[in-house]
Amino acid sequence: MPNTKASPVPKVEPCCPPLTERPLTAEEAERTAAMFKALGDPVRLRLFSLVASHDGGEACVCDISDVGVSQPTVSHHLKKLREAGLLTSERRGTWVYYRVDPSVLAALGRSLVSAGI
């Protein structure tokens with residue numbers, strides 16, 4: 001039987017408060033900039049969207065790898081999204097499953113929402 005031990009899923013901290021609430025600290029600005037920089041690449045944005053919109057909130061790499069680039073390039077982009085704190089992953093047998101923590105989407109959205117609009 002293959003080893004399907006689940007990797008621990010890290011707790012994702014919100015990137016920052018809404019920009020209209022208060023000025024960002026240097027640490028919050030670094031973390032938020034890394035997330036937006038990672039999403040600034042069209043392939044990474046598409047992969048992030050594929051995972052975020054997939055049934056159940058998670059997607060197998062086998063379901064999201066057809067984005068017009070080679071498999072090694074897909075892996076590179078998924079790694080960048082993980083490093084930016086946008087995705088988490090878990091190996092199950094031979095496949096890796098990716099998910100977006102709902103708090104990440106909420107925090108990114110809140111950071112752009114203007115008060116009173």
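# Close-up views of a predicted model

**View 1. A look at the cysteines shows zero disulfides in this chain.** The model is a predicted one. Cys60 and Cys62 make a handy pair to look up here. Cys60 is buried, because its relative accessibility is just 3%. Cys62 is partly exposed, because its relative accessibility comes to 38%. If you are wondering about ring pairs while you are here, the count of aromatic pairs is also zero.

**View 2. Stepping back, the chain has five helices and three strands.** Walk along the sequence and you meet them in the pattern α-α-β-α-α-β-β-α. The chain has 117 residues, and 32% of them count as buried. How do the contacts split up by distance in sequence? Take the contacts between residues at least 6 apart in sequence: 61% of them join residues at least 24 apart.

**View 3. Here helix α2 meets helix α4.** Helix α2 covers residues 42-53 and helix α4 covers residues 71-83. Their axes come within 10 Å and cross at roughly 75°. So α2 is roughly perpendicular to α4. Which residues do the touching? On the α2 side, look for Val43, Arg44, Leu47 and Phe48. On the α4 side, their partners are Val74, His76, His77, Leu78, Lys80 and Leu81.

**View 4. Another helix pair, α1 and α5, packs at an angle of about 100°.** Helix α1 runs over residues 26-39, helix α5 over residues 102-112, and the two axes are 12 Å apart. That angle makes α1 roughly perpendicular to α5. If you want to find the meeting place, start from Met35, Phe36 and Leu39 in α1. They meet Leu108, Ser111 and Leu112 in α5. As background, a pair of packed helices is described by two things, the angle between their axes and the distance between the axes.

**View 5. Arg92 and Tyr97 show a charge sitting over a ring.** The charged end belongs to Arg92, and the ring underneath is that of Tyr97. How far is that charged end from the centre of the ring? The distance is 4.2 Å.

**View 6. Val69 sits in the loop between α3 and α4.** Helix α3 is the stretch 61-64. Is Val69 buried or exposed? Val69 falls in between: with a relative accessible area of 29%, this residue counts as partly exposed. Leave aside the neighbours within four places in sequence, and Val69 is in contact with Val43 and Val74. Val43 is 26 residues away from Val69 in sequence, yet their C-alpha atoms are 8.3 Å apart in space. Both partners also turn up in the α2 and α4 meeting place, with Val43 in α2 and Val74 in α4.

**View 7. Gln71 is a residue of helix α4.** Gln71 counts as partly exposed, because its relative accessible area is 38%. What does Gln71 touch, not counting residues up to four places away in sequence? The answer is Val61 and Ser65. Gln71 and Val61 are ten residues apart along the chain, and 9.6 Å separates their C-alpha atoms.

**View 8. Ser49 belongs to helix α2.** At 40% relative accessibility, Ser49 is partly exposed. Now look for Val100, which is 51 residues from Ser49 in sequence. In space, the C-alpha atoms of Ser49 and Val100 are 9.4 Å apart.

**View 9. Gly56 lies in the loop between α2 and β1.** Strand β1 is the stretch 58-60. Gly56 counts as exposed, because its relative accessibility reaches 80% and the cut-off for exposed is over 50%. Where is Arg99 compared with Gly56? In sequence the two are 43 residues apart, while C-alpha to C-alpha they are 9.0 Å apart in space.

Notes. Residues are numbered from 1 along each chain as its sequence is written. This is a predicted model: local features need pLDDT of at least 70, side-chain atom pairs count only at pLDDT 80 or more; totals for chains, interfaces and linings use all residues. Side-chain values use heavy atoms; hydrogens and water are left out. A disulfide is a pair of cysteine sulfur atoms within 2.5 Å. Buried means under 20% relative accessible area, exposed over 50%, partly exposed in between (1.4 Å probe, protein chains only). Rings of Phe, Tyr and Trp (its six-membered ring) pair if their centres lie within 6.5 Å; planes under 30 degrees apart count as stacked, over 60 as edge-to-face and the rest as tilted. A charge sits over a ring if NZ of Lys or CZ of Arg is within 6 Å of the ring centre and within 35 degrees of the ring normal. Axes are lines fitted to C-alpha atoms, for helices over the stretch in contact, and angles run from 0 to 180 degrees between N-to-C directions. Helices (H or I, at least four residues) and strands (E, at least two) are DSSP runs, numbered from the N terminus. Angles under 35 degrees count as roughly parallel, over 145 as roughly antiparallel, 65 to 115 as roughly perpendicular and the rest as oblique. Contact means heavy atoms within 4.5 Å.
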